[in-house]
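Reader: Hi! Could you walk me through this structure step by step?

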Amino acid sequence: MKLAPILSLLIGSALLSQAALAQAPAKPAPAKPAATKNAPAKAVTPGTPAKPRGGKAPAKAVPAPPPPLAEADADQLAATEMAHLGTYDCEFKQSVSITRNTTPGYLDVMWQKFTFTMKPVLSSTGALRMEDVTGRTLMIQIGNKSMLMDTKAGQRLVDECVHPKQREAIEAARLARAAAAASGIALEGGLGIEHPAAAKP
């Protein structure tokens with residue numbers, strides 16, 4: 001059997017197949033769907049409020065006003081007058097400021113970004129207690145310093161707060177002790193605030 005005619009036949013059929021493939025039209029790319037007016041709306045992320053048609057954001061809810069403060073009695077008004085108003089220099093370069101509240105007999109204690117409304121109360125030891133009306137904090141003022149405490153956590157928020165009047169009291173006590181020591185007299189008592197009712201006649 002002769003191989004030459006068979007090879008010629010195979011080569012010829014292969015060439016014909018390649019020519020047919022080259023002449024076949026390429027498949028067109030799938031067309032993108034045209035945008036229509038009835039296209040579905042974009043999905044809204046859960047928790048994101050939908051904007052109203054007017055384009056304005058919904059109004060924020062106004063918080064309820066705090067409950068009114070009880071009317072202060074004579075003792076509370078007197079205790080308010082004993083509080084040192086103004087700025088206190090505290091530990092770690094912090095500060096506390098005390099101002100009068102718009103309601104007579106109450107004080108506003110400001111520390112960092114917080115403002116606490118306090119009710120001043122004179123204790124039997126002579127210390128002035130400024131009690132947060134919400135029961136969260138407590139400011140204590142004695143003769144030589146003040147401190148702000150978190151009554152819920154049972155710890156001090158800031159300590160070693162000294163008002164200019166307390167600084168004057170510290171210096172006066174130091175001079176009195178020095179003079180007494182030079183005279184051989186022993187001084188007793190601390191630098192706390194003395195309650196008027198406990199003062200000797």
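Author: Happy to! Buried means under 20% relative accessible area, exposed over 50%, and partly exposed in between, using a 1.4 Å probe and protein chains only. This is a predicted model, where local features need pLDDT of at least 70, side-chain atom pairs count only at pLDDT 80 or more, and totals for chains, interfaces and linings use all residues. Residues are numbered from 1 along each chain as its sequence is written, and side-chain values use heavy atoms, leaving out hydrogens and water.

Reader: Is Gln166 buried or exposed?

Author: Apply the cut-off of under 20% for buried. The relative accessible area of Gln166 is 0%, so Gln166 is buried.

Reader: Which residue does the disulfide join to Cys90?

Author: A disulfide is a covalent bond between the sulfur atoms of two cysteines. Here the term covers a pair of cysteine sulfur atoms within 2.5 Å, and the structure holds 1 disulfide. With S to S at 2.1 Å, Cys90 is joined to Cys161.

Reader: How many residues apart are Cys90 and Cys161?

Author: The disulfide joins Cys90 to Cys161. This pair links distant parts of the chain, with Cys90 in the loop between β1 and β2 and Cys161 in strand β8 (strands are DSSP runs of E, at least two residues, numbered from the N terminus), and they are 71 residues apart.

Reader: Which of the residues that Gln166 touches is also in the disulfide?

Author: Contact means heavy atoms within 4.5 Å. Not counting residues up to four places away in sequence, Gln166 touches several residues, including His84, Tyr88 and Cys161. The disulfide partner of Cys90 is Cys161.

Note on methods. Helix = DSSP H or I, 4+ residues; strand = E, 2+ residues; numbered from the N terminus.
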